Amino acid sequence: MSTISTQLRNFKEPTKDQLTHELPPVPLKDTEKQGTGDVEKMEINAILSLGAQEVEDSYAGKLHLLPPYLAFSSLDRKSVRFTLPLSTVRRVERLNARAGVYALSLSTWHGMKIIVQLTSLRPTADLFCSLLREALKAELQRGQMKAVKGFVKTCYSEGLVSPSGVSDNEREDGSLITETKDGCPPPETEFHGGLGLQFKFPGDPKKLREASKIKLWTTYLKNHGRNLTLLRYPQCTRLVQVGLPNRLRGEMWETLSGSIYLRYSNPGVYDQLLLDIKGTNSTSFEDIEKDLHRSLPEYAGYQADEGISALRRVLQAYSHRNPEVGYCQAMNILAAAILIYMSEEQTFWLLEVLCDRLLPGYYSPTMHGTLLDQRVFESLVTRCLPMISDHFQAVDVQLSVASLPWFLSLYINSMPMVFAFRIADCFFCMGPKVLFQVGKAILKINGEKLLQIQDDGGFLNLMREYFASLGDSAHPTSADPRAKAITRFQELLLVSFREFAVISDETILSERRKYRNEIVNSIESFSKRSAVRNLKTLGRFTKEQAGFVYDALYKAMCEVPPPPAVAPPPSLLATNDGNQERAETRIGIPTFQVFLSEILTWARNEKIVINGFQQRMDREVAEHELIDRLFYFWDTSCKGSLSFQDLVSGLDGVMFNDLMENIEWFFNLHDKNKDGYLTKDEVLTLSESFLFIFRHEIGDAYLGAVSKFMTNAFEYGDSLLPQHTGSETGVTGPQGIGHNQPYLNLATFRMVVLVDEVLESFFETDLSASFRLEPVPDLELPPASSGFLGDLWSNIATQDNRKMFNRLSDELGKTIGKHQVIYRPTIGRFTKLEEPTARESLISPSAKTASGSSLDTVVVSSSSPTLGASSINDNDPSSVSVFSPMPHLKAVNAAFMERTPFAIDDAGDDDDDSDLDMVHGEDDDQVMDEVDAFLEAHDSGLTEADKAVAKDLLHAEPVK
């Protein structure tokens with residue numbers, strides 16, 4: 001069985017706006033489901049200021065109204081941005097400002113005051129305010145504003161900034177104390193949290209400086225909002241690069257990635273999914289079970305049933321909700337790591353964002369996103385680190401052997417968790433470019449040692465040694481205690497974000513567009529070889545010819561997608577040996593019609609259109625009862641659909657036949673009940689099939705042959721019937737039978753065909769030759785978003801617009817009298833209107849003279865069948881693409897079988913008095929020092945005059 005997927009052809013990568021978090025990462029279907037789809041979307045130029053004076057500078061940017069969300073992004077698309085659900089906006093007031101200034105004051109659920117100065121023209125600002133008012137009314141009518149109170153109670157930041165605090169029942173690392181001093185269990189909290197609350201978080205809290213980080217984040221969240229209303233200023237990115245505190249990490253991950261909006265807008269969905277999958281089973285569930293106990297086994301939470309059960313539920317719920325993705329190896333590592341800091345529901349929605357937007361195509365069945373980014377990473381290494389790239393090529397070392405697991409697991413499976421989670425912090429805050437920046441920094445730091453390796457094994461060993469030493473000092477011999485305190489991991493972040501800051505989201509998108517065709521064609525070529533290799537029988541086909549059948553089938557599936565592949569129903573005699581049949585791709589009649597038109601001349605209409613403005617060749621899929629009959633004739637399993645094996649076997653039964661075999665094949669095709677006889681109705685149907693096949697042939701030769709066939713068939717068929725003498729008339733004749741009674745057998749049908757020269761030549765050569773297996777040109781991929789002009793051209797040059805232009809030119813051609821349509825013959829044996837002499841009738845011979853003319857035709861006969869020179873033989877190196885996915889897939893299987901345990905991940909003891917405080921001191925500001933060296937400058941985009949206006953708005957009163 002083979003599963004053929006065209007998902008790559010229809011896959012759309014996230015836009016630049018989505019990757020840079022400018023727009024809220026909420027799927028359009030969820031936005032429309034919420035009932036605000038009727039409210040228009042709009043964006044407007046604006047200047048953002050915080051109501052609290054001297055807390056933050058003002059920034060120019062764009063304000064987006066995307067019901068049910070309000071979003072802002074600064075001009076540089078990174079300094080300041082926020083996404084607010086409209087249900088968290090409590091009051092909107094227009095400020096009484098100086099003349100020509102149009103400003104709004106927004107009060108959020110958390111009491112934060114945001115001032116937005118609309119810098120567009122007055123009519124535009126009025127329209128924006130009107131749409132904002134309608135969107136807010138819609139949210140109020142939906143009752144969504146009432147849901148905010150209950151939702152924010154699940155967020156840890158609410159308790160963190162409250163006067164009472166949440167530290168009474170927490171350890172220093174953020175995990176919960178299971179028993180109080182008097183032996184009573186502590187009160188349960190409503191805040192969502194992961195397995196770390198029970199099994200502790202990785203790392204020593206003193207070395208991680210958890211207390212200092214909590215203080216810094218508490219100050220930021222009080223001034224800039226939290227969870228649903230968080231405003232992301234440059235200080236937020238700085239704090240993330242320092243590292244998130246354990247207890248706040250899960251909430252910040254879902255806030256920074258945007259998955260919190262999915263959880264907020266889809267209450268109860270995860271619980272319902274768990275009810276839906278209860279008692280069900282699938283191939284994805286079986287794969288999940290195999291990997292559960294290989295998911296971070298060194299962590300205490302996954303040595304207990306609580307952790308394994310939670311991981312199972314999350315992965316099964318996701319695979320059930322997204323059957324096209326299902327489950328992919330490495331997804332278990334990612335989910336297991338996230339569950340340490342997040343609840344099951346939080347983890348589920350974060351997986352949605354990861355797989356759909358942040359890492360598109362990484363965890364699909366083909367893993368095309370991973371392979372594409374590996375190609376992009378190799379390209380960036382060649383450009384920025386040419387010596388390492390040249391050395392790897394010289395010694396035949398595959399970079400992806402190590403880098404592919406880095407990207408798939410966000411470095412979690414490669415380095416100690418305490419450091420990998422720091423990289424994950426930056427990833428959720430800054431986007432996928434972090435993976436490339438960190439990867440290149442690893443190679444540069446180890447550049448001298450990498451130039452000494454000679455094989456893949458040496459490369460992997462070097463990386464393991466480096467990752468194990470990330471906690472060591474980067475300058476162990478330095479006399480300066482501050483320099484000596486800098487770890488190798490801090491050095492890694494410094495090189496990543498300072499020296500490779502040139503790698504931007506635009507760079508990644510550009511490189512992905514550049515190499516996407518190469519990767520897709522490579523994956524499709526690999527899938528093609530696998531499908532051909534998995535065929536149970538090739539019949540008389542070679543592998544090359546079977547590959548051409550696959551190409552035609554794939555092209556048809558791209559034009560008319562078949563229903564999703566489904567697994568066969570479980571057998572009562574099935575065993576648990578793991579050899580159960582997988583899902584198989586099967587096509588219906590609409591896809592079969594397109595497929596047949598690619599390989600069969602009479603299954604399509606080819607016409608040359610001349611209209612005075614253009615001359616073009618149009619091809620249309622033909623529809624006829626004969627094609628439907630052929631579909632069911634090849635459906636030997638009576639499933640109402642055809643597999644790749646069915647198509648190969650069906651074509652094998654006709655393409656290599658001789659004269660007598662073709663006559664028998666055509667007879668059996670029309671013998672509906674397979675009794676060896678054709679009824680009178682079936683003879684008429686067979687004649688109509690002849691007429692359909694010969695519909696575009698030149699002259700009357702084929703039409704005369706069909707007419708003679710009908711005459712001879714009924715004449716000879718009647719002569720073989722029992723003779724009956726009428727009692728009244730005394731005339732002897734054939735006995736009358738019904739239209740559905742056996743009438744003509746195979747031997748008689750063969751005699752009727754052989755009496756005619758045209759039909760004999762058709763069955764001898766033309767029928768088999770009309771099936772033409774030829775190389776299919778590479779299909780064009782859907783154009784990716786490439787800026788305004790690229791999007792404009794892709795919207796203009798569509799297939800529908802081309803058809804519209806052709807229809808317009810045809811109408812104009814008809815008006816001026818220059819429209820002409822010439823159909824191309826499907827057989828093409830006769831190119832003149834000269835009709836050959838037909839043979840005499842079998843029963844009542846009569847000589848007929850045929851008069852014909854010798855008028856030349858303008859239609860050229862179709863070319864003879866040829867086979868391309870390319871081969872898909874697995875042993876032929878020329879058939880393998882330059883970029884093969886096989887080494888990458890092998891790397892995945894090898895990398896995720898075992899994860900190196902690191903001692904630094906062990907949870908620290910609260911009573912352990914570390915000497916680290918002697919080095920770092922108790923000053924919380926020193927926590928920020930490690931990122932000061934690579935912080936980027938942020939431009940507010942405002943002049944001094946604009947800043948003065950924004951400052952005045954802080955004291956402006958609302959309009960009354």
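**Exercise 1.** Decide whether Glu-584 is buried or exposed.

*Solution.* The relative accessible area of Glu-584 is 14%. Buried means under 20%, exposed over 50% and partly exposed in between, with a 1.4 Å probe and protein chains only. Glu-584 is therefore buried. The model is predicted: local features need pLDDT of at least 70, side-chain atom pairs count only at pLDDT 80 or more, and totals for chains, interfaces and linings use all residues. Residues are numbered from 1 along each chain as its sequence is written, and side-chain values use heavy atoms, without hydrogens and water.

**Exercise 2.** Classify the ring pair of Trp-253 and Phe-428.

*Solution.* Rings of Phe, Tyr and Trp (its six-membered ring) pair if their centres lie within 6.5 Å; planes under 30 degrees apart count as stacked, over 60 as edge-to-face and the rest as tilted. This rule gives 47 aromatic pairs. For Trp-253 and Phe-428, the centres are 5.3 Å apart and the planes make 45 degrees, a tilted pair. Both residues are buried.

**Exercise 3.** Classify the pair of Tyr-341 and Phe-421, and place both residues in the chain.

*Solution.* The ring centres are 4.9 Å apart with planes at 85 degrees, so the pair of Tyr-341 and Phe-421 is edge-to-face. Tyr-341 counts as buried at 4% relative accessibility, and Phe-421 at 0%. Tyr-341 lies in the loop between α16 (331–339) and α17 (344–358), Phe-421 in helix α21, so the pair ties together parts 80 residues apart in sequence. Helices are DSSP runs (H or I, at least four residues), numbered from the N terminus.

How values were computed
Helices (H or I, at least four residues) and strands (E, at least two) are DSSP runs, numbered from the N terminus.
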